[in-house]
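Reader: I am a first-year student and should be grateful for a close look at one part of this structure. Could you please describe how two packed helices meet, and then place that contact within the whole protein?

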Amino acid sequence: MDAAQSILPLERQTLVDTYSPEEARQEIGRIFCPHFLSPHDRHAAGFHAVHRSSRQRGYSLNLVSYGCEVEIDPGELSSFFLLQIPLSGSATVRCGNDTAIASTGQFASLLSPTLPTRMNWSDGCQKLIVLVEREAMQRQCEQIAGHPVGKVEFATGIDMTSPAGRLLLGHVRLMIEAAETDTGVLGDYLSRLGESLGALLLTSFSHSQRGALDTIAPPAGSAAVARAEEWIKDNIDRSFAVADIAAASGVSLRSLQEGVRRERGTTLTHMIETIRLERFRAALLDPANHGSVTEIACMAGIGHLGRAAAAYRLRYGETPSQTLRRTR
């Protein structure tokens, strides 16, 4: 493995490392789906396939490179979406009737499972790929819409220089950071990151069901917002999705989100994180709790301690460590 590859993400999770196109086709096909893989040079000069992967609930994070120019034809992906962000090189990607040129720092591509796909990766192309399960994306779209919708098919090209594109890249980087540092205790946090990615894709980028999501939803009233807040407090120690909160409140997810914005002047996600911080502080102040700040943060469902510590200091005027020292 060369020096450039050694600093790429997910180094500890290498599943494929081969100079054989046939072995790469078979092994990567088992991870993603069966596909045709053809190096542009019939002698496969420079071919070196590397696939690193971190599997999470509802999605996976992947680093894929082939070393030389290759053509890839998976047909219809069937069961998953693929967000592909070039880290080097470029790729011509055709999905259905839509063609996009993905290039480092400029454009990414988003492949939909119900559309036939064909790609040509340039020499030296390396991609960060997020696989999102089709069922999870479809379910989340219907939860946001508040009713059943047809199949979700995204526009292929994503402008990574746009505000939404920069936000998307930052979120994927956060997902990678969490996956690389996880020691087995961040499962719920990693799951929430996947849910947030789906919501970002569905609400910020063009797709076939965007009209259903853009329809104005009536805001939930104060009683429903109060029920939601109480439910979050009662369930903050377990894993849940935002759709669970809406169901418990008796309103659609979009109505609840709009109600929280109007009634509390914040977002539903921020409300959850505030309650999580309150749970974190209560645990830090509990003299019977003998864990470290990191251990207590994990018990409170906090995955990114650095970000949580900054929010904690802003809210309470001291660091988590300072709070803990006052109880011991």
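Author: The following account begins with the contact between two helices and then turns to single residues and the whole chain.

The model is a predicted one, in which local features need pLDDT of at least 70 and side-chain atom pairs count only at pLDDT 80 or more, while totals for chains, interfaces and linings use all residues. Residues are numbered from 1 along each chain as its sequence is written, and side-chain values use heavy atoms, with hydrogens and water left out.

Two packed helices are described by the angle between their axes and the distance between the axes. Here, helix 7 (residues 222-235) packs with helix 9 (residues 253-264) at an angle of about 100°, and their axes are 9 Å apart. Helix 7 is therefore roughly perpendicular to helix 9. Angles of 65 to 115 degrees count as roughly perpendicular, those under 35 as roughly parallel, those over 145 as roughly antiparallel and the rest as oblique. The axes are lines fitted to C-alpha atoms, for helices over the stretch in contact, and the angles run from 0 to 180 degrees between N-to-C directions. Helices are DSSP runs of H or I with at least four residues, strands are runs of E with at least two, and both are numbered from the N terminus.

Which residues form the contact? From helix 7 come Ser222, Ala224, Val225, Ala226, Ala228 and Glu229, and these meet Leu256, Gly259, Val260, Glu263 and Arg264 of helix 9. Contact means heavy atoms within 4.5 Å. The residues of this contact divide into 6 nonpolar, 2 polar and 3 charged. In this division, Ala, Val, Leu, Ile, Met, Phe, Trp, Tyr, Cys and Pro count as nonpolar, Asp, Glu, Lys and Arg as charged, and the others, Gly among them, as polar.

Ala224 of helix 7 deserves separate attention. Ala224 is buried, with a relative accessible area of 4%; buried means under 20%, exposed over 50% and partly exposed in between, using a 1.4 Å probe and protein chains only. Leaving out residues up to four places away in sequence, Ala224 touches Ser249, Val251 and Leu256. Ala224 and Ser255 are 31 residues apart in sequence, and their C-alpha atoms are 9.6 Å apart in space.

Other residues may be described in the same manner. His171 is found in helix 4 (residues 163-181) and counts as buried at 14% relative accessibility. Apart from neighbours within four places in sequence, His171 is in contact with Leu193, Ser196, Leu197 and Leu200. Gly194 belongs to helix 5 (residues 187-204) and is buried, with a relative accessible area of 15%. Gly194 touches Tyr59 and Met175, residues up to four places away in sequence not being counted. The C-alpha atoms of Gly194 and Arg57 are separated by 7.8 Å, although these residues are 137 residues apart along the chain.

Finally, the whole protein has 13 helices and 12 strands. Of its 328 residues, 50% count as buried. Among contacts between residues at least 6 apart in sequence, 71% join residues at least 24 apart. The C-alpha atoms fill a box of roughly 65 × 50 × 30 Å, taken along the principal axes.
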